[in-house]
Amino acid sequence: MSGDAQVRVAMCTVPDEAAGERIARQLLQERLIACANLLPAVRSLYWWEGRIDDGAEVLMLMKTTVDRTEALKQRLPALHPYDVPELLFLPIADGLEPYLGWVVSETTAKETRGTSA
């Protein structure tokens, strides 16, 4: 499987940069993502509890792999302050192979990565 077939971009909104940084750092530590971009000043309009809500959020773009998506779906809700956090996975059609390989490498659990002796 080539790198582009393995890599996914996960999108998630958070209430502020502090929440995004906290979540991203934890997911990085657990190797569920290789990278997170925090895009501030996102305005979200959405249905919530029977009414249209309008608020400022931060968009997180996280790079992960197909192999890590289930674990990320299980872990994110425990870290997220929202009752129903957004988490969407986008497939990658193509990309720079060294970067895609880096994403795959960095989301491989530390204990399963090859070590040089």
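1. A definition to begin with, since the helix arithmetic in point 3 rests on it: the expected span of a helix is 1.5 Å times one less than its number of residues. Please keep in mind throughout that this is a predicted model.

2. Now the overall picture. The chain has 4 helices and 4 strands, and from the N terminus on they follow the order α-β-α-β-β-α-β-α. Of the 117 residues in the chain, 34% are buried. Contacts across the sequence are well represented: taking those between residues at least 6 apart in sequence, 73% join residues at least 24 apart. The mean pLDDT of the chain is 92, with 89% of the residues at 70 or more. Residues 112-117 deserve a word of caution, as pLDDT stays under 50 there. For this stretch the model has 4 contacts beyond four places in sequence. Where pLDDT is low, the predicted coordinates should not be read in detail.

3. Does helix α2 come out straight or short against the arithmetic, you may wonder; here is the check. Helix α2 covers residues 17-29, which makes 13 residues, and at 1.5 Å a residue these should span 18 Å. The end C-alpha atoms of α2 are 18 Å apart, so the model agrees with the expected value.

4. Which residues of α2 are buried? They are Ala19, Gly20, Ile23, Ala24 and Leu27. Looking down the axis of α2, these buried residues fall within an arc of 125°, so they line one face of the helix. Their packing partners are β1 (7-14), β2 (35-48), β3 (51-65) and α3 (66-79). On the face of α2 turned away from the buried side you will find the exposed residues Ala18, Arg25 and Gln29.

5. Both ends of α2 are worth a look. At its start, a side-chain oxygen of Asp16 comes to within 3.3 Å of the backbone nitrogen of Ala18. Just after the helix, Arg31 takes a positive phi of about 60°. Arg31 belongs to the loop between α2 and β2. With a relative accessible area of 19%, Arg31 counts as buried, because the cut-off for that class is under 20%.

6. A second positive phi is found further along. Most residues other than glycine have a negative phi. Ala41, though not a glycine, has a positive phi of about 65°. Ala41 sits in strand β2. Is Ala41 buried or exposed? At 78% relative accessibility, it counts as exposed. Arg31, by contrast, is buried, so the two residues with a positive phi described here sit in opposite classes of accessibility.

7. Thr13 makes a nice stop in strand β1. Its relative accessible area is 9%, so Thr13 is buried. What does the side chain of Thr13 make a polar contact with? The partner is the side chain of Glu86, at 3.1 Å. Setting aside residues up to four places away in sequence, Thr13 touches Glu57, Val58, Leu59, His80, Tyr82 and Glu86.

8. Ala56 is a residue of strand β3. With a relative accessible area of 65%, Ala56 is exposed. Beyond its neighbours within four places in sequence, Ala56 is in contact with Pro15 and Val42. Ala56 and Pro15 are 41 residues apart in sequence, while their C-alpha atoms are 7.0 Å apart in space.

9. Last, the aromatic rings. The structure holds 1 aromatic pair, formed by Tyr99 and Trp102. A pair of aromatic rings is described by the distance of the centres and the angle of the planes. For Tyr99 and Trp102 the centres are 5.5 Å apart and the planes are 35° from each other, a tilted arrangement. Both residues lie in helix α4 (residues 97-106), 3 residues apart, which is about one turn of the helix. Tyr99 is partly exposed, with a relative accessible area of 34%, and Trp102 at 35% counts as partly exposed too.

Technical notes
Residues numbered from 1 in each chain as written. Predicted model: local features only at pLDDT ≥ 70, side-chain atom pairs only at ≥ 80, totals over all residues. Heavy atoms only, no water. Helix = DSSP H or I, 4+ residues; strand = E, 2+ residues; numbered from the N terminus. Buried < 20%, exposed > 50% of the residue type's maximum accessible area, 1.4 Å probe, protein only. Arc of directions from axis to C-beta. Contact = heavy atoms within 4.5 Å. Polar contact = N/O pair within 3.5 Å; in protein donor to acceptor, adjacent residues only side chain to side chain. Phe/Tyr/Trp six-rings, centres within 6.5 Å; stacked < 30°, edge-to-face > 60°. pLDDT = per-residue confidence, 0-100.
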